Amino acid sequence: MVDLASVKNVLNEKNISEVLKMEPVVLDNIYFEADLQSLVNELHVNSFYFNEFKRLVEQASAIARPKAVYKKTVLESSGDNYVVVEGAKLNSRVVKVNLKGISEFFPAIVTCGKELSEWANSFDDMLINFWANALAEKAMRLAKEALEVHLKEKYQIEAIAQMNPGSVIDWNIQEQRKLFEIIGDVKELIGAELTDSSLIIPMKSISGIWFPNDTYENCILCSRECPNRKAVYDPKMYESMYK
């Protein structure tokens, strides 16, 4: 249950009423528009395999149904190393610091869609399977871009950043379960669900919190190897900014 006394510290009564009525918003009209030549270059597809890869991209484009779901929320309370959002305690100093003073933010789940995931994992050939899963990853990232464009336009946000459990240095991946709880029946909404170990199925999916910010970059606090890295990992950043 939302603590109105806490919420009033950051929102006026009109906004409180609006936020309390918010339901999850589903974005499911996202089209998979693949630039064939860019994909060929990115995945280093040999000319010998070009026609086969082209057919694979055409299949993916016909099947793909990437989706996103989010919910507009407010900060109910916080401590040194946690925040409370719709009754869920999110344990992270980074999350706590980044959300300080922000009136509205958006827990969200983004997925390539179960249709494309099932198709991608149906191939036994290792190379075809690799390409198909790369296309599923591309679909997920298109959905993420669509979510960010939607949030900026609908809520008049100039710049938006994200934080993801398992990527943020002090935010455990198991806390994805709490984001699912905040949003609601994610499986029913977009077909994504959690395993017992808190991994998302389809695998080409992410969860996180999107929030207004023009300086924060999640990659700086993430030490994992990633081909889509936007900034160099800085192990000193956590100590200097969040301790």
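This tour of a predicted model moves from a small sheet to a helix, and then to three loop residues.

**The sheet**

Begin by selecting β3 (77-79), β4 (residues 82-85) and β5 (88-91). These three strands make up an open sheet, ordered β3-β4-β5, with antiparallel pairing. Because β3 and β5 each have a single partner strand, they stand at the edges, and one side of each is left without a neighbour in the sheet. From one strand to the next, the twist averages 20°.

Now restrict the view to β3 and β4, which run antiparallel and are joined by three bridges. Within this pair, select S78 and V83: S78 stands opposite V83, which belongs to β4.

**The helix across the sheet**

Next, add helix α8 (residues 176-183) to the selection. The helix lies across β4 and β5, and runs at about 150° to β5.

**Three loop residues**

Proceed to H44, in the loop between α3 (36-43) and α4 (50-63). Although H44 is not a glycine, its phi is positive, at about 55°. Is this residue, H44, buried or exposed? H44 has a relative accessible area of 70% and is exposed.

Then select S198, located in the loop between β8 (193-194) and β9. S198 is likewise not a glycine, and has a positive phi of about 70°. With 4% relative accessibility, S198 counts as buried.

Finally, select I201 and P202, and inspect the peptide bond from I201 to P202: the bond is cis, with omega near 5°. P202 lies in the loop between β9 (200-201) and β10 (205-212).

Note on methods
Residues numbered from 1 in each chain as written. Predicted model: local features only at pLDDT ≥ 70, side-chain atom pairs only at ≥ 80, totals over all residues. Heavy atoms only, no water. Pairing = 2+ DSSP bridges. Helix = DSSP H or I, 4+ residues; strand = E, 2+ residues; numbered from the N terminus. Axes fitted to C-alpha atoms, helices over the stretch in contact; angles between N-to-C directions. Contact = heavy atoms within 4.5 Å. Buried < 20%, exposed > 50% of the residue type's maximum accessible area, 1.4 Å probe, protein only.
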